[in-house]
Amino acid sequence: MNIASAFPTEQTKTVKSAKEWVSTLAKFREPNPARSNFELLVTAVPFLALWAAAWVSLSVSYWLTLALSVPIAMFLLRLFTIQHDCGHGSLFKNRTASDWVGRVLGVVTLTPYDVWRRTHAIHHSSHGNLEKRGIGDIVTLTVAEYQALSPLWKLQYRAYRNPFFLFGFVPAYLFFIQQRFPVGLTKTPKYWVSAMLTNLALLVVLGTIYYFGGWAPILLIFVPSTLIAATAGMWLFYVQHQFEETTWDHDENWDLHDAALYGSSHYILPSWLNWFSANIAIHHVHHLYSRIPFYRLPEVLRENAELGEINRMTIRESFASVRMHLWDEDGKRLLSFRQARALTA
């Protein structure tokens with residue numbers, strides 16, 4: 001894999017340290033209100049238009065309806081990523097405007113905005129820290145931790161990390177069930193309010209759809225498009241941090257900026273996929289400076305070519321990441337179960 005080392009040598013490290021890059025990136029943080037509104041408009045309008053077309057197609061062919069759920073899912077994925085920018089306060093200068101746009105989009109994406117914003121902030125502030133795992137990330141054990149498990153718990157972890165489970169079951173569970181509650185934040189009333197109001201708004205929307213169209217638009221448009229978008233989003237989130245030379249370290253050696261830059265991938269996608277995912281594949285830059293609007297991330301790489309070479313991962317290379325499950329604290333890399341077994345034999 002053509003990925004710069006997570007613990008770079010003199011030959012592979014950037015001229016600037018990760019912390020120094022923050023100062024360079026600061027000039028890209030200002031959003032353009034007209035551009036932000038435009039990006040929101042060219043995503044929301046086609047999404048609604050495709051929904052209407054799919055509804056009409058129910059009287060023509062259910063197969064056509066299901067086919068239309070694919071582009072609907074692509075626009076839904078983009079709406080989620082725009083909501084993601086709202087959570088970081090990077091879409092609009094006005095924080096209140098960002099939050100309310102995010103809350104409205106949260107109903108469409110089945111994501112209680114205030115709950116997600118908090119858990120995602122925890123993810124950004126603790127990614128790669130072995131002492132702060134558990135919220136907003138994919139459970140990752142070290143080799144030593146896995147070896148210390150009982151056979152039953154080893155089997156459970158292997159089942160959890162199985163790609164058929166992660167990308168087959170987890171997206172549906174996450175968006176249809178887990179996000180109906182403020183998981184991890186249940187002691188704070190604010191997050192219960194966020195989750196319950198989102199659920200109520202979602203019930204109103206689905207109830208309206210059912211009133212006018214019955215179960216068909218729910219089962220043939222809403223459910224499949226949500227599942228496709230959720231699965232695509234799950235895959236993107238996975239490959240953004242689960243690759244061989246990512247970073248994990250104990251608290252005393254962990255550094256926020258190094259973990260952001262070297263623990264996040266630069267996923268090389270075709271331009272059209274970058275558009276539908278709102279450039280979230282430029283994840284190492286996003287993690288290092290999350291206040292940069294998504295539409296300015298390509299500008300960052302154009303003006304700072306050195307950043308474009310860090311943690312590059314092609315689509316073909318990314319498939320290997322599904323075999324990486326355990327962090328090797330000595331070798332500073334993510335290993336497959338087979339590699340870990342050979343290491344400890």
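**Salt bridges, pockets and overall form of the chain**

In this predicted model, a salt bridge joins the side chains of Arg78 and Glu39, with a distance of 2.7 Å from N to O. The two partners lie 39 residues apart and thereby link distant parts of the chain, Arg78 belonging to helix α3 (residues 62–88) and Glu39 to helix α2 (residues 33–57). Both Arg78 and Glu39 are buried.

A second salt bridge is formed by the side chains of Arg133 and Glu145, again with an N to O distance of 2.7 Å. This pair also links distant parts of the chain, since Arg133 sits in the loop between α5 (113–126) and β1 (141–142), whereas Glu145 is found in helix α6 (residues 143–147), 12 residues apart. Arg133 has a relative accessibility of 28% and therefore counts as partly exposed, and Glu145, at 31% relative accessibility, is likewise placed in the partly exposed class.

The side chains of Arg333 and Glu244 meet in a further salt bridge, for which the N to O distance is 3.3 Å. Here the partners are 89 residues apart and connect distant parts of the chain, with Arg333 in strand β5 (residues 333–335) and Glu244 in the loop between α11 (215–241) and α12 (256–262). With a relative accessibility of 29%, Arg333 counts as partly exposed, and the value of 24% for Glu244 means that this residue, too, counts as partly exposed. Elsewhere, Arg95, Asp99, Arg103, Asp114 and Arg117 are joined into one network by salt bridges that share partners. Over the whole structure, the search finds 12 salt bridges.

Attention now turns to the pockets. The largest pocket has a volume of about 1100 Å³, and its lining consists of 45 residues, of which Gly136, Leu174, Gln178, Gln179 and Phe237 lie nearest the centre. Two or more residues of this lining come from each of the elements α3, α5, α8 (163–166), α9 (170–176) and α11, and the largest share, 8 residues, is given by α11. When the lining of the largest pocket is divided by class, 29 of its residues are nonpolar, 15 are polar and 1 is charged.

The second largest pocket has a volume of about 350 Å³. It is lined by 18 residues, and those lying nearest its centre are Phe47, Leu48, Trp51, Val108 and Val205. At least two lining residues are supplied by each of α2, α3, α4 (95–108), α10 (189–213) and α11. The lining of the second largest pocket contains 16 nonpolar and 2 polar residues, and no charged residues.

With regard to the chain as a whole, there are 18 helices and 5 strands. The radius of gyration is 21 Å, which is close to the 20 Å given by the globule rule for 345 residues, so the chain is as compact as a globular protein of that length. Along its principal axes, the C-alpha trace spans about 60 × 50 × 40 Å. Of the 345 residues in the chain, 50% are buried. Among the contacts with a separation of 6 or more, 71% are accounted for by residues that stand 24 or more positions apart.

Definitions and conventions. Residues numbered from 1 in each chain as written. Predicted model: local features only at pLDDT ≥ 70, side-chain atom pairs only at ≥ 80, totals over all residues. Heavy atoms only, no water. Salt bridge = Lys/Arg side-chain N within 4 Å of Asp/Glu carboxyl O. Helix = DSSP H or I, 4+ residues; strand = E, 2+ residues; numbered from the N terminus. Buried < 20%, exposed > 50% of the residue type's maximum accessible area, 1.4 Å probe, protein only. 1 Å grid on protein atoms, 1.4 Å probe; cavity = no way out; pocket = protein on both sides within 12 Å on 5 of 7 lines; lining within 4 Å. Points joined across faces, edges and corners; volume = space filled by probe spheres on them. Nonpolar A, V, L, I, M, F, W, Y, C, P; charged D, E, K, R; others polar. Rg over C-alpha atoms; globule rule 2.2 N^0.38 Å. Contact = heavy atoms within 4.5 Å.
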